[in-house]
Amino acid sequence: MAPRAYWKGTLKLSLVSCPVVLYPATTAAEKTRFHMINRETGNRLKQQMIDAETGDVVESDQKGRGYELRKGKYVEIEPEELEAVQIESNHTIDIESFVPSEEIDQRYLNHPYYIAPDGKAAADAFAVIRDAMKDQDRVALAKIVLTNREHIIAIEPLGKGLLGTTLRYPYELRDEDQFFDDIKSPKITKDMVELAGHILHTKAAHFDPGEFKDEYENALKALVKRKASGKKIELPEPEERPSNVVSLMDALKQSLKRRGGKTSAKSHARRATGRQRSPRKSHRAAARHRKAG
C-alpha cells in the first residue's frame, strides 16, 4: 500500500505547473517508545492539565492560549484571533529562485520531504522541471504553507523525484559568536597539525549511512525482549575513565600507531621537524657531486 500523502498541491515554475504530493522523508516508527504506566495495576496513565497555582484539574472547555508578557502575566489569545493571522494555503509551491547548493548554510536545513508527481498526467511537466534543475545544478527556493505556517522550502532532484527540505528562518538560529568567542587560540606546532592530518588521512572514507548503527536503540530492543521473557537484567560494571592525557604530542603519536599507519609517528615527526637545506647549501652539494663525477 502506498503511503498517505502529507500534502497535495501544485509545483509551479513560471507558467509550467504540475500536481505534486509531499511525503515525510523521515520516520520515528521504528524507534522504541515507552508509555507511563501504573506500577500497581499495570495500566497506562493519561495526562491531565493542572492549574499551576490552585492545583485543580482543568477541563477541556476551560483551556486557552496565552502569551507571557512578564513573569506570571499572560495575555489570552482567542482561537478566532489566531485565525486572523493564519496564512491561507493556496496549495502551491511557486519556485521563486535558484541558488547554488553550496551557498545554503546547513544550519538552515530543517525537515526533508519527498516530492512526487500526483498522477500520470503530471509526469511530463514534473520530469521537465526535475531535469531542468539537474542540468543547471542548482537548488530551487520556494514558499509553502504547512500546518498554517509559511515555510521556505529548498527543492533539488533526487533520483526520479525531488527532495524538498524546509528551511529555518534566521531568527531560529543562534549566533555562533556567543559560543565561540571564548575559545582560546593556543600556539600549536606545525608538527602536531601534520601528525593530526596524517591520522585524518588514515581514517579517510566515503559517506555511507548504511554503516550507522544505533547502538542504544539496539540495546533497548534487547532489553525489552529479555525483560519480557522473564530474564533478569544485570547492570554492567562501570567503566574506568581514562586518565587525562598530559602530552598532546604523545597522544597524537599513539593514535597514529593505533591506526597502523605505514609511516610511524616518530619518522613522520622527524621529517616534519627536519630543516630543509638552504638554497646555498643545496647548490654547494650539487657542485661537489658534479666535480666528483
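**Exercise 1. A loop residue with positive phi**

In the loop between which strands is threonine 147 found? State its backbone angle and its exposure, and then treat aspartate 137 in the same manner.

*Solution.* The structure is a predicted model, and the steps below should be read with that in mind.

Step 1. Threonine 147 is placed in the loop between β7 and β8, the latter spanning residues 149-158.

Step 2. The phi angle of threonine 147 is near 45°, which is a positive value in a residue other than glycine.

Step 3. Exposed residues have a relative accessible area over 50%, and threonine 147, at 61%, therefore counts as exposed.

Step 4. Aspartate 137 sits in the loop between α2 (123-136) and β7 (139-146), and although this residue is not a glycine, it has a positive phi of about 55°. With a relative accessible area of 62%, aspartate 137 is exposed.

**Exercise 2. The overall architecture**

Describe the protein by its secondary structure, its burial, its surface and the sequence range of its contacts.

*Solution.* Step 1. The secondary structure amounts to 8 helices and 9 strands.

Step 2. The protein has 293 residues, of which 18% count as buried.

Step 3. About 25000 Å² of the protein is exposed, and carbon and sulfur atoms supply 51% of that area.

Step 4. If one considers the contacts between residues at least 6 apart in sequence, 62% of them join residues at least 24 apart.

**Exercise 3. Classifying aromatic pairs**

How many aromatic pairs does the protein count? Work out the geometry of the pair made by tyrosine 6 and tyrosine 113, and then turn to tyrosine 169 and tyrosine 171.

*Solution.* Step 1. The count comes to 3 aromatic pairs.

Step 2. Two rings pair if their centres lie within 6.5 Å, and planes under 30 degrees apart count as stacked. The ring centres of tyrosine 6 and tyrosine 113 are 5.6 Å apart and their planes meet at 20°, so this pair is stacked.

Step 3. The pair links distant parts of the chain, since tyrosine 6 belongs to the segment before β1 (7-13) whereas tyrosine 113 belongs to strand β6 (residues 109-117), 107 residues apart.

Step 4. Tyrosine 6 has a relative accessibility of 39% and counts as partly exposed, while tyrosine 113, at 9%, counts as buried.

Step 5. Tyrosine 169 and tyrosine 171 form another stacked pair, with 5.9 Å from centre to centre and 5° between the planes. Tyrosine 169 is partly exposed at 25% relative accessible area, whereas tyrosine 171 is exposed at 63%.

**Exercise 4. Two threonines of strand β9**

Are threonine 165 and threonine 166 buried or exposed? Identify the residues that each of them touches, leaving aside those up to four places away in sequence.

*Solution.* Step 1. Threonine 165 is found in strand β9, which covers residues 161-167, and threonine 166 lies in strand β9 as well.

Step 2. The limit for a buried residue is a relative accessible area under 20%. Threonine 165 has 9% and is therefore buried; threonine 166 has 2% and is therefore buried.

Step 3. Beyond its neighbours up to four places away, threonine 165 touches Leu109, Asn110, His111, Pro112, Ile152, Ile153 and Ala154.

Step 4. With those up to four places away again left out, the contacts of threonine 166 include Tyr108, Tyr113, Leu146 and His151.

**Exercise 5. Leucines brought together with distant residues**

Locate leucine 173 and leucine 200, and for each give a C-alpha separation from a residue elsewhere in the sequence.

*Solution.* Step 1. Leucine 173 lies in the loop between β9 and α3 (177-180) and, at 23% relative accessibility, counts as partly exposed.

Step 2. Leucine 173 and tyrosine 108 are 65 residues apart along the chain, yet their C-alpha atoms are separated by 7.7 Å. Not counting residues up to four places away in sequence, leucine 173 touches Arg107, Tyr108 and Arg168.

Step 3. Leucine 200 has its place in helix α4 (residues 190-202), where its relative accessibility of 61% makes it exposed. Leucine 200 and leucine 256 are 56 residues apart in sequence, and 9.4 Å lies between their C-alpha atoms.

**Exercise 6. The largest pocket**

Which elements give two or more residues to the lining of the largest pocket? Add its volume and the composition of the lining.

*Solution.* Step 1. The largest pocket holds about 550 Å³ of space.

Step 2. It is lined by 14 residues, and those closest to its centre are Ile50, Asp51, Ala52, Gly64 and Tyr74.

Step 3. The elements that contribute two or more residues are β3 (65-70) and β4 (73-77).

Step 4. By type, the lining of the largest pocket divides into 5 nonpolar, 4 polar and 5 charged residues.

Methods: Residues numbered from 1 in each chain as written. Predicted model: local features only at pLDDT ≥ 70, side-chain atom pairs only at ≥ 80, totals over all residues. Heavy atoms only, no water. Helix = DSSP H or I, 4+ residues; strand = E, 2+ residues; numbered from the N terminus. Buried < 20%, exposed > 50% of the residue type's maximum accessible area, 1.4 Å probe, protein only. Contact = heavy atoms within 4.5 Å. Areas by Shrake-Rupley, 256 points an atom, 1.4 Å probe, with all protein chains shown as cover. Phe/Tyr/Trp six-rings, centres within 6.5 Å; stacked < 30°, edge-to-face > 60°. 1 Å grid on protein atoms, 1.4 Å probe; cavity = no way out; pocket = protein on both sides within 12 Å on 5 of 7 lines; lining within 4 Å. Points joined across faces, edges and corners; volume = space filled by probe spheres on them. Nonpolar A, V, L, I, M, F, W, Y, C, P; charged D, E, K, R; others polar.
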